[in-house]
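Here are a few short exercises to work through with the structure open beside you. Try each task before you read its solution.

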Amino acid sequence: MSDPRALKTSSEVSVRLAAEPRGNNLGQCQDCGACLSRCPLGESVPEMNPRKFLHLVRNGFDDLALASRFVWTCTLCNRCTHDCPTGILMEEVVRAARGVLSSRGELPKPLALGITSRLETGSVSEVPKEEYIEHAEWMAEELGMELDDPSITFPMDQPGARYLYLPNPRELTVNPGIFSANLKILHLLGEPWTLSSACSDVTNWGYFTGDDEAARKILSQVVEAGEKLGIETLVVTECGHGYKSYTYDAERWLGRPLPFRVEVISRLAAQGIEAGTLKVDPSKNPGLHTYHDPCNMGRKADLLDPPRVIMNAAVSEFVELSPNRMESLCCGGGGGVDRVPESHDVRNQVGGLKIDQIKRSGADIVVTGCLSCQSTLGALAQHHKHKLKILTLGQTVANALV
Ligand code: SF4
Ligand code: SF4
């Protein structure tokens, strides 16, 4: 008997979609329109209509679907299909479309270049191994000066360590303060941890491009390094798609279970605060703060309570955005959109909703749990001429440490 969930088309996109393990049942769409009513993209730019895109794919109109600007402006945030009555996942549908473009060599240039760099050098930003090691040594020296303890070093390639920390390249280039904050947290947690000279990049742009083979190769670089060191847990930085990929997609890409647990630094920090290992003084973070739930961390990977533990303990005044948690509005730059300059006009328009939401909260300091959201929020604040200070959860904790 044929699968009643299958699409009545053999178009390239639907064949890719059929291979996805979940949320691929576009043939069951009831045309209820809930996805359209919940999409911030469609709300601010009416021609970006998720239901229309789903219709094109469902009816096999690949050419129209693939030529649509929607493919590279949808942020894969899944807010639209969070309450889909049939469990369709927009992220899977758009990734299937992007996968076809990827197989034809029609990716946006920055994404194509980033994937090549990552596969060839191990770093999407081409940070050389020697530079990574030097960077870690510099951070250890800085912490040694701060804590008046010159004996502090950060372990590199330490076999048998419990935790392996994996940063985002932004920590090694434009934002070393985040690297410093997260390494300080790991140092003070007191568990055996290490960095690996073989892997310094949490990102996996195969997720953005729907290229599962590239995703598998990128993932394998990290898995091999973790296996070699015999770690118990891979601790990833606050990278939304990175954490979500390791927790929800990695096993499928790899074709076997991951040989280690995966955790995110912000949850470890929240646990450290609750256990009293990390002592924080909220007066060290003065002013009214709010928290932006990144889609990948919150809605998709259920990291909702630990950020509130941090916000309630480490800042002097905290106000929630509305809506928040599972209903959070995307910043507009997720799903690789931030890396596609041709989509920035739309991103800035969609992000206006986020800036308005922040303005309504009254806060002028926004904390978020994703470096990509942090970068997008900075660009949006500049575009909409709204003065904001934007911190990660790790920076917030590190600022407040006693
Ligand atoms: S919410 Fe789900 S069932 Fe309703 S129109 Fe959108 S995809 Fe179809
Ligand atoms: S931008 Fe988000 S809410 Fe809109 S269609 Fe894409 S995944 Fe759905």
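## Exercises on a predicted model

The model is predicted, so please read each solution with that in mind.

**Exercise 1.** Sort the residues of the shell around ligand 2 by character, and find where ligand 2 sits.

*Solution.* Begin by collecting the neighbours: 13 residues surround ligand 2. The closest are Cys39, Cys74, Cys77, Asn78 and Cys80. Next, sort the shell: 10 of its residues are nonpolar, two are polar and one is charged. In this sorting Cys counts as nonpolar. Finally, look at the space itself: ligand 2 sits in the largest cavity.

**Exercise 2.** Which residues of strand E7 (residues 365-368) lie on each side, and are they buried or exposed?

*Solution.* Start with a general point: in a regular strand the side chains alternate between the two faces of the sheet. Now apply this to E7: Ile365 and Val367 are on one side, with Val366 and Thr368 on the other. Then check burial, for which the cut-off is under 20% relative accessible area. All four of these residues are buried, and both faces of E7 are thus covered.

**Exercise 3.** Find the strands that pair with E7, and follow the chain onward from E7.

*Solution.* Take strand E5 (residues 288-292) to begin with: four bridges join E5 to E7, and the two run parallel. Within this pairing, Tyr291 has Val367 as its bridge partner in E7. Turn then to strand E8 (residues 389-392), which is also joined to E7 by four bridges and runs parallel to E7. Here Thr368 stands opposite Thr392 of E8. To get from E7 to E8, the chain passes through helix H16 (residues 371-383), and this β-α-β crossover is right-handed.

**Exercise 4.** Locate Leu76 and Asp148, and decide whether each is buried or exposed.

*Solution.* The background is that most residues other than glycine have a negative phi, and most peptide bonds are trans. Leu76 is not a glycine, yet its phi is positive, about 60 degrees. Leu76 lies in the loop between helix H5 (62-67) and helix H6 (90-103), and it is buried, with a relative accessible area of 1%. Asp148 also has a positive phi, of about 55 degrees, without being a glycine. Its loop runs between helix H8 (129-146) and strand E1 (163-166). Asp148 is exposed, at 69% relative accessible area.

**Exercise 5.** Where is Pro323 placed, and what is the peptide bond from Ser322 to Pro323 like?

*Solution.* Pro323 is found in the loop between strand E6 (317-320) and helix H15 (344-361). The bond from Ser322 to Pro323 is cis, with omega near 0 degrees.

Methods. Residues numbered from 1 in each chain as written. Chains lettered and ligands numbered in written order. Predicted model: local features only at pLDDT ≥ 70, side-chain atom pairs only at ≥ 80, totals over all residues. Heavy atoms only, no water. Near = heavy atom within 4 Å. 1 Å grid on protein atoms, 1.4 Å probe; cavity = no way out; pocket = protein on both sides within 12 Å on 5 of 7 lines; lining within 4 Å. Sits in = over half its atoms within 2 Å of the grid points. Buried < 20%, exposed > 50% of the residue type's maximum accessible area, 1.4 Å probe, protein only. Pairing = 2+ DSSP bridges. Right-handed = clockwise from strand over helix to strand, strands pointing away.
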